[in-house]
Amino acid sequence: MKKITLTIAAFSFAVLARTSFVQAEQQQDNRPQTTADSLFKAGKFNEARTEFLKTFGTDTANADILFKIGNIDLLNNQFNSAEKHFKKILKINPADSASIKHPAEVYYRQDNFREASTLLRSIGKNAQASQLDFLNEKVLYQTFSETDT
């Protein structure tokens, strides 16, 4: 039963994270296509990241570019860099609940369920936060159980 609950919790958070990425991309679809966007859609993430960084150098308050760079870093498991870019978005849009979901995804992907839960709870995502609290307790329990034997 615990394994099923754990799987459901992980799946629910993955759906939440994917939904936020899809919504962000849909909002950006109304904007003109750039070279970096084309590279990203073609799956050339490193080249796209380089182009986004060039653009960001001239527009340091652009949350969309920060999101794209952070998303590429997250896809490449560059968690520190992704977190840094997503936190810059929070400085630009501190009240935007969508901006809080991105650092939560970084923490989730590193099994830092407590931090992810705290962020989700701050934007009213209590059900997802509770699921992550359960995952955190499960991981702690397994860690202590394994060392006791």
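**Helix packing and nonpolar cores in a predicted all-helical model**

The buried residues of helix α5 pack against three other helices, namely α3 (45–58), α4 (63–75) and α6 (97–109). The buried positions of α5 are F79, S81, A82, E83, H85, F86 and I89. Helix α5 itself covers residues 79–92, which makes 14 residues. From its first C-alpha to its last, α5 reaches 20 Å, close to the 20 Å expected at 1.5 Å a residue. The model described here is predicted.

The secondary structure of the chain consists of 8 helices and 0 strands. Along the sequence, the pattern reads α-α-α-α-α-α-α-α. The chain has 149 residues, of which 38% count as buried. Among contacts between residues at least 6 apart in sequence, 47% join residues at least 24 apart. The chain exposes about 8900 Å², and carbon and sulfur atoms supply 53% of this area.

In soluble globular proteins, nonpolar side chains tend to be buried together. In the present model, the largest nonpolar core holds 18 residues. Within this core, A48, F52, L74, F86, I89 and V106 touch the most other members. Helices α2, α3, α4 and α5 each supply at least two residues of the core, and α4 gives the most, with 7 residues. Two of the residues named for the core, F86 and I89, are also among the buried residues of α5. When neighbours within four places in sequence are left aside, A48 is in contact with A36, L39, F40 and I72. Apart from the largest core lies another core, of 12 residues, among them Y107, Y108, A129 and L135.

A search of the whole structure finds 3 aromatic pairs. One of them is formed by Y108 and F113. A pair of aromatic rings is described by the distance of the centres and the angle of the planes. For Y108 and F113, the centres are 5.8 Å apart and the planes make an angle of 55 degrees, so the pair is classed as tilted, edge-to-face being reserved for angles over 60 degrees. Both partners fall under the 20% limit for buried residues: the relative accessible area is 15% for Y108 and 6% for F113. Y108 also belongs to the core of 12 residues.

A polar side-chain contact involves helix α2 (residues 35–41), where D37 is found. The side chains of D37 and K68 are joined by a polar contact of 2.6 Å. D37 counts as buried because its relative accessibility is 11%, under the 20% limit.

Backbone geometry was examined at two loop positions. Most residues other than glycine have a negative phi, and most peptide bonds are trans. N77, in contrast, has a phi near 60 degrees, a positive value in a residue other than glycine. N77 lies in the loop between α4 and α5. With a relative accessible area of 42%, N77 is partly exposed, since this value lies between the limits of 20% and 50%. D111 likewise has a positive phi, near 65 degrees, and is a residue other than glycine. D111 is located in the loop between α6 and α7 (113–122).

Conventions
Residues are numbered from 1 along each chain as its sequence is written. This is a predicted model: local features need pLDDT of at least 70, side-chain atom pairs count only at pLDDT 80 or more; totals for chains, interfaces and linings use all residues. Side-chain values use heavy atoms; hydrogens and water are left out. Helices (H or I, at least four residues) and strands (E, at least two) are DSSP runs, numbered from the N terminus. The expected span of a helix is 1.5 Å times one less than its number of residues. Buried means under 20% relative accessible area, exposed over 50%, partly exposed in between (1.4 Å probe, protein chains only). Contact means heavy atoms within 4.5 Å. A polar contact is a pair of N or O atoms within 3.5 Å; within protein, one must be able to donate a hydrogen and the other to accept it, and residues adjacent in sequence count only if both atoms are side-chain atoms. Rings of Phe, Tyr and Trp (its six-membered ring) pair if their centres lie within 6.5 Å; planes under 30 degrees apart count as stacked, over 60 as edge-to-face and the rest as tilted. Accessible areas come from the Shrake-Rupley method with a 1.4 Å probe; for residues, only the protein chains shown count as cover. A nonpolar core is a set of buried Ala, Val, Leu, Ile, Met, Phe, Trp, Tyr and Cys residues joined through side-chain atoms within 4.5 Å.
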